[in-house]
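Here's a quick tour of one protein chain, from its overall make-up down to its packing and strand pairing. Have the viewer open as you read.

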Amino acid sequence: MRPIIALVFLSSFASAQDTDSLFNRLQGMTHFGYDFFNVDGMDISFVPQRGEFTPKAIARIYRQDKIKASEITAADDKLDKPNYYVSKTEPRGEGLVGYMDYWFIKHGDSIQMVSFRALHKVDQALARQIVLLCVNGGMPASIYQPTDPDKINFAGREINRGQSCRWMGPNNLQCPYNGQMNWSSYKTLDDANFALETHFKFLDANAKGKIISDQLVDAVFEEQDVKARKMVFDLTGVTSILAGMSGGKTLTVYMVAAQVRGKSVSCVISHWNNDRLNENGLPALGAEVLTLK
């Protein structure tokens, strides 16, 4: 589909188990020297920059995040490091809110920003854990995806893909003419299903076209029998960069969640009507993980 840290040594066995659980769900990638992660439906960015540790300098250096110096006033007193903490929300459609949490950490003569974006409130304890892992260099190499996605780690299984595919973000892969797929791992299957329902509401509220079909279909997702939600959006006559660049008239989206290799995974697979589809009606990328019955 075309465009649409030294490891933190924890003080207790329970905390070590929590870290193991996090690393089982967390996946990351490096792009232009910065790190990006996905876990529990959150998109996380780790962007260190040189600069003076003042609100004015931070607002200027990270101006793409549209944070004003007047908003950079509070600190997270639960972090034993000089920091500023900013929490913001923004409307994402009828009844939906986007949550954005930013930690700016003083690290020598540099600033280390760790940001979180999600369609749900950010788990503060989990976020602090991730912030400390980033700042202290504690992210293990095993969680990172290869830069060239000829092979990807999908919830613990290696999948071979062509290098024409490209990362649109952590756990968000797009393969020209062969579809797009994004996924996330959660603590529980209920969390994964809740995330899919929120994602549906987001699509419904922000779709430029209209939903012409919405149904549950029988499928197999990573060897698990599931009910996949299949939606078809009609974008005929819609003026948008997404539709214009694709040349497509309809966009088909499959949403599915299941327990996969000890992980609670949600996945969204999409393709345009003019993408290459197999005899089962799926693009090559989606067919790697989903089979329609």
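## Overall make-up

The protein has six helices and 16 strands. Keep in mind that this is a predicted model. Of its 293 residues, 47% count as buried. The accessible surface comes to about 14,500 Å², and carbon and sulfur atoms account for 50% of that.

## Two nonpolar cores

The largest nonpolar core holds 28 residues, and the ones touching the most other members are Phe154, Met181, Trp183, Phe221, Cys267, Val289 and Leu290. Several strands chip in at least two residues each, among them S7 (151–154), S11 (180–186), S12 (210–221) and S13 (224–234). S14 gives the most, with four residues.

For a look at one of those hubs, pick Cys267: setting aside neighbours within four places in sequence, its contacts are Phe154, Met181, Asn182, Trp183, Leu196, Phe221, Tyr254, Met255 and Val256. There's also a second, separate core of 24 residues, including Ile44, Tyr85, Val131 and Ile143. As a general matter, nonpolar side chains tend to be buried together in soluble globular proteins.

## Strand S6 and its partners

S6 (residues 110–118) is mostly covered, with eight of its nine residues buried. It pairs antiparallel with S3 (residues 42–50) over eight bridges, and Asp43 stands opposite Arg117 of S6.

S5 (residues 97–107) also runs antiparallel to S6, joined to it by nine bridges. Here Tyr102 has Ser115 in S6 as its bridge partner. S5 and S6 form a hairpin with two residues between the strands, where Gly108 takes a positive phi near 65°.

Methods:
Residues numbered from 1 in each chain as written. Predicted model: local features only at pLDDT ≥ 70, side-chain atom pairs only at ≥ 80, totals over all residues. Heavy atoms only, no water. Core = buried A, V, L, I, M, F, W, Y, C linked by side-chain atoms within 4.5 Å. Buried < 20%, exposed > 50% of the residue type's maximum accessible area, 1.4 Å probe, protein only. Contact = heavy atoms within 4.5 Å. Areas by Shrake-Rupley, 256 points an atom, 1.4 Å probe, with all protein chains shown as cover. Pairing = 2+ DSSP bridges.
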